[in-house]
Amino acid sequence: MEELIIELKKQIIEVLNLEDVQPEDIENDAPLFGEGLGLDSIDALELIVMMEKVYGIKIKDPSAGKEIFKSINTMADFVSKNRTK
Amino acid sequence: MEAQHSEWKGTTGGTPWMQKSLVYALAWLPLPFVYCGMAIFVVPFYMLFNHQGYLSQYHFFRQRLSRSPLRAFFDVYLNHCRFGQIILDRFAFYGGRRFKLIVEGNERFMAMTHEPHGFMQLGAHVGNFELAGYMLTQDRKPINALVFSGETGTVMENRTRVFQHQNLRLILTGNGMDHIFELNRALADGEIVSMHGDRVFGSQKTVVARVLDAPAKLPLGPYLLAATREVPVFCTFVMKETTNTYHIFVRLLEINAEETTTVRQRAAALAQAFADNLSEIVCRYPHQWLNYYEFWQHE
């Protein structure tokens with residue numbers, strides 16, 4: 001799981017072009033949207049497509065998506081259980 | 001620019017009673033008669049009291065189109081008249097009136113509805129983009145139109161009523177992320193997504209493109225959506241020509257694939273391609289530029 005968490009952090013930094021952020025700057029339990037990393041709906045779009053392309057996970061339900069993208073930990077948990085790639 | 005823009009509420013003016021009355025009256029009143037009344041009694045009032053809107057249009061004619069001060073003042077008046085006519089046409093349409101259409105470049109759009117992949121259609125706050133949704137219809141692919149969730153009840157009721165017989169679904173923008181999931185799903189399922197590509201709303205992330213040869217902030221969302229999902233993008237402009245005629249321009253946005261290797265580069269190239277088409281249309285129909293705020297960045 002720890003490897004997946006680091007991989008996810010690197011993916012997020014690359015996909016969202018967060019030039020000034022290092023993987024260790026992102027706390028595993030901190031909210032990704034609003035406070036915390038401060039992402040918004042446009043970033044959500046890139047995360048949705050990243051989940052599809054990198055892990056083969058299609059997220060169509062908005063309420064499920066909100067839960068998945070709560071933090072790095074929730075993302076990692078969902079990816080580990082549902083990835084097809 | 002963003003501070004002024006954030007004050008715009010994105011709703012059609014007037015009380016619900018006024019809007020409902022307009023829908024009924026415009027179904028039978030002669031439009032030239034209503035246009036004249038508006039030009040004499042309503043437009044001067046708006047020019048006097050909507051100072052921010054007046055100034056932004058004046059700057060548009062002076063700085064972007066190099067008009068003299070007197071000519072720019074007269075152009076702002078004509079612009080307000082056109083804006084009023086376009087709003088009245090929309091209510092007339094809700095009341096059952098139909099307009100003659102001249103459609104240019106729709107062949108590629110229609111051909112693409114036979115393809116399995118989804119694609120996007122972007123409009124701008126010029127002319128009467130909403131009429132494209134009502135009048136450019138096809139039954140092969142559902143169209144998902146992103147609309148502002150704060151629009152007035154009368155407008156939303158009429159939109160829903162007119163759209164219910166068409167292959168068109170309204171997706172409401174909000175402060176959350178729900179609409180992003182909906183738009184992504186629609187494109188992944190091979191459907192069409194329709195939205196505006198010129199005005200920043202919701203997310204404040206922008207992409208700078210040159211519109212009429214000056215830098216302007218366009219919303220990043222539409223272009224990033226197209227770039228991440230790798231779908232074609234059309235721009236559609238519905239421009240008023242005479243009382244009963246609209247000219248619809250449909251164009252596929254072309255970008256150089258070799259020069260755009262990353263998603264962000266593709267998004268920026270799409271935004272510039274859209275801006276180029278928009279600039280050409282605005283030069284041709286300057287009185288149908290309907291962004292009543294300071295659109296351009298100061299260079």
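1. The central sheet of chain B. In this predicted model, chain B contains an open sheet of 7 strands, arranged in the order β1-β9-β8-β2-β5-β3-β4, with mixed pairing. The edges are occupied by β1 and β4 (168-173) of chain B; each has a single partner strand, so one side of each is left without a neighbour in the sheet. From one strand to the next, the twist averages 25°.

2. The pairing around β9 of chain B. Strand β1 (residues 100-104) of chain B runs parallel to strand β9 (residues 245-252) of chain B, and 5 bridges join the two. Within this pair, B:Leu101 has B:Tyr246 as its bridge partner. Strand β8 (residues 233-242) of chain B is antiparallel to β9(B), with 8 bridges between them. Here B:Phe237 is partnered by B:Phe249 of β9(B). The connection from β8(B) to β9(B) is a hairpin through 2 residues.

3. The pairing of β3 and β5 of chain B. Strand β3 (residues 143-148) and strand β5 (residues 192-196) of chain B run parallel and are joined by 3 bridges. One point of reference for the reader is B:Asn144, whose bridge partner in β5(B) is B:Val193.

4. A helix across the sheet. Helix α10 of chain B lies across β2 (119-123), β5 and β8 of chain B. Relative to β2(B), α10(B) runs at about 160°. This helix, at residues 220-229, also belongs to the set of elements against which the buried residues of α2(A) pack.

5. Overall form of chain B. Chain B comprises 11 helices and 9 strands. Its radius of gyration is 19 Å, close to the 19 Å given by the globule rule for 299 residues, so chain B is as compact as a globular protein of that length. Taken along the principal axes, the C-alpha atoms of chain B fill a box of roughly 55 × 45 × 35 Å. Of its 299 residues, 40% count as buried. Among contacts in chain B with a separation of 6 or more, 77% are between residues 24 or more positions apart.

6. The contact between the chains. Chain B contributes 17 residues to the contact and chain A contributes 15 residues. On the side of chain B that touches chain A, the elements giving two or more residues are α9 and α10 of chain B. By class, that side of chain B has 7 nonpolar, 5 polar and 5 charged residues.

7. Helix α2 of chain A: length and end. Helix α2 of chain A covers residues 41-55. At 1.5 Å a residue, its 15 residues should span 21 Å, and the end C-alpha atoms are 20 Å apart, which agrees. The residue that follows α2(A) is A:Gly56, which has a positive phi, near 70°.

8. Helix α2 of chain A: surroundings. Is this helix largely enclosed or largely open, and why? Of the 15 residues of α2(A), 11 are buried, so the helix is largely enclosed by the rest of the structure. The buried positions include A:Ser41, A:Ile42, A:Asp43 and A:Ala44, as well as A:Met51 and A:Tyr55. Both chains supply the packing partners of the buried residues: α1 (2-15), α3 (62-68) and α4 (72-82) come from chain A, and α9 (178-188) and α10 (220-229) come from chain B. The last two, α9 and α10 of chain B, are also the elements named in point 6 for the side of chain B that touches chain A.

Technical notes: Residues numbered from 1 in each chain as written. Chains lettered and ligands numbered in written order. Predicted model: local features only at pLDDT ≥ 70, side-chain atom pairs only at ≥ 80, totals over all residues. Helix = DSSP H or I, 4+ residues; strand = E, 2+ residues; numbered from the N terminus. Expected span 1.5 Å × (residues − 1). Buried ≥ 20, exposed ≤ 12 C-beta atoms within 10 Å, placed from the backbone. Contact = placed C-beta atoms within 7 Å. Nonpolar A, V, L, I, M, F, W, Y, C, P; charged D, E, K, R; others polar. Rg over C-alpha atoms; globule rule 2.2 N^0.38 Å. Pairing = 2+ DSSP bridges. Axes fitted to C-alpha atoms, helices over the stretch in contact; angles between N-to-C directions.
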